[in-house]
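Here are a few exercises to work through with the structure open. Try each one yourself before you read the solution.

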Amino acid sequence: MKVLARVILRQSLFALWLAAMWVLYCTPACTHPIEHLIAVPFAVLIPTAVIMRRLCSDPRFARWLDEQRQ
């Protein structure tokens with residue numbers, strides 16, 4: 001389950017980072033892309049890590065994950 005959680009975490013982080021980069025570079029709203037390049041990974045990593053830690057420690061999620069594997 002830890003491996004699956006890590007895969008989900010990595011894919012979620014990459015998807016959020018990619019979406020943030022698209023917003024920063026493909027919209028005229030951003031005027032400081034370098035500052036956002038530095039800030040976005042931290043803004044995404046910390047909340048995602050907290051959510052994944054809570055999710056993986058929940059026994060209901062573990063039961064649901066076992067049901068999905070069958």
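**Exercise 1.** Work out whether Asp 58 is buried, partly exposed or exposed in this predicted model, then find its salt-bridge partner.

*Solution.* Start with the relative accessible area of Asp 58, which is 22%. Buried means under 20% and exposed means over 50%, so Asp 58 is partly exposed. Next, look for the partner: Arg 60 forms a salt bridge with Asp 58, and their closest N and O atoms are 3.2 Å apart. Arg 60 itself comes out at 59% relative accessibility, so count it as exposed.

**Exercise 2.** How many salt bridges does the structure hold, and how are Asp 66 and Arg 69 placed in their helix?

*Solution.* The count is 2 salt bridges. Asp 66 and Arg 69 pair through their side chains at 3.8 Å, N to O. Both sit in helix H3 (residues 59–69), and because they are 3 residues apart, about one helical turn separates them. Asp 66 is partly exposed, at 40% relative accessibility.

**Exercise 3.** Take two residues of helix H2, Thr 48 and Leu 37: which is buried and which is partly exposed?

*Solution.* Helix H2 covers residues 33–57. Thr 48 has 10% relative accessibility, so it's buried. Beyond its neighbours within four places in sequence, Thr 48 touches Leu 9, Leu 13 and Leu 16. Leu 37 reaches 32%, so it's partly exposed. Leu 37 also belongs to a nonpolar surface patch with about 970 Å² of accessible area together, other members including Trp 17 and Phe 42. Helices H1 (2–26) and H2 each give two or more residues to that patch, and H2 gives the most, with 6.

Note on methods
Residues numbered from 1 in each chain as written. Predicted model: local features only at pLDDT ≥ 70, side-chain atom pairs only at ≥ 80, totals over all residues. Heavy atoms only, no water. Helix = DSSP H or I, 4+ residues; strand = E, 2+ residues; numbered from the N terminus. Buried < 20%, exposed > 50% of the residue type's maximum accessible area, 1.4 Å probe, protein only. Contact = heavy atoms within 4.5 Å. Patch = residues over 30% accessible without salt bridge, like charges linked within 9 Å, V, L, I, M, F, W, Y side chains within 5 Å. Areas by Shrake-Rupley, 256 points an atom, 1.4 Å probe, with all protein chains shown as cover. Salt bridge = Lys/Arg side-chain N within 4 Å of Asp/Glu carboxyl O.
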